[in-house]
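Subject: Structure handover and notes

Hello,

Here is the structure for you to keep, with my notes on it underneath. Please read the notes with the structure open beside them.

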Amino acid sequence: MQGKKKPERQCIGCRESKSKKELIRVVKTSEGDIMLDRTGRKNGRGAYICENEECLKKARQLNALSRSFKMNVPDEIYDELERQLKNDK
């Protein structure tokens, strides 16, 4: 008998599929706020990214959050996400 299937998500920066637990969720709330969601349980549209600054830089270059959330994401949001990533380590 096979074990329980582990959910996988794709990083918006490096485009690699990884276990959901290895990635950080970036969520857009119904109010339009964009923030890191370490729990993975906040309400809203989610996008996943690896827990390193390189993937965030790639996501910024590819404008990946704007495509994922179907809205224009300003550079200040990326700066704030980068600060949160550094502070959480």
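Arginine 25 sits in strand E3 (residues 23-28); helices (H or I, at least four residues) and strands (E, at least two) are DSSP runs, numbered from the N terminus. With a relative accessible area of 9%, arginine 25 is buried. Buried means under 20% relative accessible area and exposed over 50%, with partly exposed in between (1.4 Å probe, protein chains only).

Before the rest, the basis of these notes. The model is predicted, so local features need pLDDT of at least 70 and side-chain atom pairs count only at pLDDT 80 or more, while totals for chains, interfaces and linings use all residues. Residues are numbered from 1 along each chain as its sequence is written, and side-chain values use heavy atoms, with hydrogens and water left out.

What does the side chain of arginine 25 reach? One polar atom of that side chain lies 2.8 Å from the backbone oxygen of lysine 42, and the side chain also reaches the backbone oxygen of glycine 44, at 2.8 Å. A polar contact here is a pair of N or O atoms within 3.5 Å; within protein, one must be able to donate a hydrogen and the other to accept it, and residues adjacent in sequence count only if both atoms are side-chain atoms.

Next, the salt bridges. The structure holds seven, a salt bridge being a side-chain nitrogen of Lys or Arg within 4 Å of a carboxyl oxygen of Asp or Glu. Aspartate 75 pairs with arginine 60, and their closest N and O atoms are 4.0 Å apart. Because aspartate 75 lies in helix H3 and arginine 60 in helix H1 (residues 53-62), this pair ties together parts that are 15 residues apart in sequence. Arginine 60 also forms a salt bridge with aspartate 79, where the closest N and O atoms are 2.5 Å apart. That pair links distant parts of the chain, with arginine 60 in helix H1 and aspartate 79 in helix H3, 19 residues apart.

The three residues are partly exposed: aspartate 75 has a relative accessible area of 48%, arginine 60 has 29% and aspartate 79 has 32%.

Within helix H3, the side chains of arginine 83 and glutamate 80 meet in a salt bridge (2.9 Å, N to O). These two residues are three apart in the helix, so about one helical turn separates them. Arginine 83 counts as partly exposed at 46% relative accessibility, as does glutamate 80 at 33%. Elsewhere, salt bridges that share partners join Arg60, Asp75, Asp79, Glu82 and Lys86 into one network.

Lysine 86, a member of that network, is placed in helix H3 and is partly exposed at 46% relative accessibility. The C-alpha atoms of lysine 86 and glutamate 53 are separated by 8.2 Å, although the residues are 33 apart along the chain. For methionine 71, in the loop between H2 and H3, the C-alpha to C-alpha distance to glycine 32 is 9.4 Å, with their positions 39 residues apart in sequence. Methionine 71 is partly exposed, with a relative accessible area of 27%.

On the surface, Lys4, Lys6, Arg9, Lys20, Lys21 and Arg41 gather in a patch of positive charge. Patches are made of residues with over 30% relative accessible area and no salt bridge, and like charges are joined within 9 Å. Lys and Arg count as positive and Asp and Glu as negative, while His and the chain ends are not counted. The place of a charge is taken as NZ of Lys, CZ of Arg, CG of Asp or CD of Glu. Arginine 41 lies in the loop between strand E4 (34-37) and strand E5 (45-50) and is exposed at 72% relative accessibility.

Two backbone angles also deserve a note. Most residues other than glycine have a negative phi. Arginine 15 has a positive phi, near 65°, and is located in the loop between strand E1 (8-10) and strand E2 (17-19). At 48% relative accessibility, arginine 15 is partly exposed. Lysine 70, also not a glycine, has a positive phi of about 55°. Lysine 70 is in the loop between helix H2 (64-69) and helix H3 (75-88), and is exposed, with a relative accessible area of 71%.

Regards

Terms used. Patches are made of residues with over 30% relative accessible area and no salt bridge: like charges are joined within 9 Å, nonpolar side chains (Val, Leu, Ile, Met, Phe, Trp, Tyr) within 5 Å. Accessible areas come from the Shrake-Rupley method with a 1.4 Å probe; for residues, only the protein chains shown count as cover.
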